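Trainee: Hey, got a minute to walk me through this one? I'm new to it and don't know where to start.

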Amino acid sequence: MTSLDRKTRGRTSHQRLQALDAYLAHSERGLLTRGDGAWARAAFVDLGFGEHPWTTLESARAFRELNPGLPVVGVELEPPRVESAREHADALTDFRQGGFELPLRPGESVRLIRAMNLLRGYRPEEVPAIHQTLGGALLEGGLLVEGSTDTPGAVLVAHLLRRVPEGISREALLFHTDFSRGFAPVLFRDWMPRDFRRRVKPGEPIHAFFADWTAAWQEVREAGHVEPPEAFRHSVLRLAVRIEGLVTDAWLLEHGYLLWKPPGGVFR
Ligand SMILES: C[S@@+](CC[C@H](N)C(=O)[O-])C[C@H]1O[C@@H](n2cnc3c(N)ncnc32)[C@H](O)[C@@H]1O
């Protein structure tokens, strides 16, 4: 354990991260399939898979539809969770005990790190160092996904952080809902990544983002778009007129994803 790692409860559920898998398969196909040089054997690392390795195995299945030879490494701080996950290990799938300093073996490289529902027990001030430590394990161009969901995975918000020559870039924020809980922008507030979790309050840039989105949502409802998927899609299109960096790809909007790539990166 490093000074940053901390024991946390291991609750998880089947399909919790399925929407994130679908997003990555849609929008990061190049990252998942790249095969030149060190990328040929570059792994997907699922950090903090929990008391069961369900989400790791589900993602392995989803990503291997694009890249059948993809190595997958599930990492957990708690040795008993690693022990019981090992019954699912195979030639391409490994489970290892470790923390933010990833337990990589000589010659191994990493294309994608997922750290979902992990940082609730950590302090917001610790998050930048955690992002830096994890990002340091990625190949240049690799991606770190860190964020939160509710228990079934119906609501998700995640940072997308890219390894660039200068370090790690706060490239985008990803929001997703499957609409099973209806839709209003405030739905996401309690599932913000750790560093934004308690900052949706006046004076904070993330509060301004929510205020703009809520205004856009109210306007489209008044215009008659009241069904959650429709209200979501139109609210994002309207928000895109107000703020820079919203990605209005039709597939994203139809499937409940808001992807925001502010010019210059996501503020701290
Ligand atoms: C709530 S579970 C989340 C499981 C799964 N990722 C999900 O989203 O359903 C969080 C897990 O992260 C593990 N964890 C917390 N800090 C960690 C660290 N620094 N390194 C590795 N695992 C960690 C905990 O032991 C716990 O099992």
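Mentor: Sure, and let's begin with a cut-off: a residue is buried under 20% relative accessible area, exposed over 50%, and partly exposed in between. Keep in mind that this is a predicted model.

Trainee: Okay, so where does N117 fall, buried, partly exposed or exposed?

Mentor: N117 has a relative accessibility of 22%, so it counts as partly exposed.

Trainee: And where is N117 found?

Mentor: N117 is in the loop that runs between strand 4 (110-116) and helix 5 (127-135). Its backbone is worth a look too: phi of N117 is near 60°, a positive value in a residue other than glycine.

Trainee: What's the usual sign of phi?

Mentor: Most residues other than glycine have a negative phi.

Trainee: Which other residue has a positive phi although it is not a glycine?

Mentor: F179, with a phi of about 70°. F179 belongs to the loop between strand 7 (167-177) and helix 6 (205-222).

Trainee: Is F179 buried or exposed?

Mentor: Buried, because its relative accessibility is 17% and the cut-off for buried is under 20%.

Trainee: Switching to the ligand. Which residues come nearest?

Mentor: There are 24 residues around the ligand, and D5, T12, E76, R81 and Y122 come nearest.

Trainee: What's the mix of classes in that shell?

Mentor: An even one: 8 nonpolar, 8 polar and 8 charged residues.

Trainee: What does the side chain of T12 do there?

Mentor: One of its polar atoms lies 2.5 Å from an oxygen atom of the ligand. N117 turns up here again, with a polar side-chain atom 2.8 Å from an ligand oxygen. M116 uses its backbone instead: a polar backbone atom of M116 is 3.0 Å from a nitrogen atom of the ligand.

Trainee: How much of the ligand does the protein cover?

Mentor: The protein covers 97% of the 600 Å² of accessible area that the ligand has on its own.

Trainee: And which pocket is the ligand in?

Mentor: The largest pocket is the space taken by the ligand.

Trainee: Last one: where does S148 sit?

Mentor: S148 is part of strand 5, which spans residues 138-149. With a relative accessible area of 5%, S148 is buried.

Trainee: What does the side chain of S148 reach?

Mentor: The backbone oxygen of M192, at 3.5 Å.

Conventions:
Residues numbered from 1 in each chain as written. Predicted model: local features only at pLDDT ≥ 70, side-chain atom pairs only at ≥ 80, totals over all residues. Heavy atoms only, no water. Near = heavy atom within 4 Å. Polar contact = N/O pair within 3.5 Å; in protein donor to acceptor, adjacent residues only side chain to side chain. Areas by Shrake-Rupley, 256 points an atom, 1.4 Å probe, with all protein chains shown as cover. 1 Å grid on protein atoms, 1.4 Å probe; cavity = no way out; pocket = protein on both sides within 12 Å on 5 of 7 lines; lining within 4 Å. Sits in = over half its atoms within 2 Å of the grid points. Nonpolar A, V, L, I, M, F, W, Y, C, P; charged D, E, K, R; others polar. Helix = DSSP H or I, 4+ residues; strand = E, 2+ residues; numbered from the N terminus. Buried < 20%, exposed > 50% of the residue type's maximum accessible area, 1.4 Å probe, protein only.
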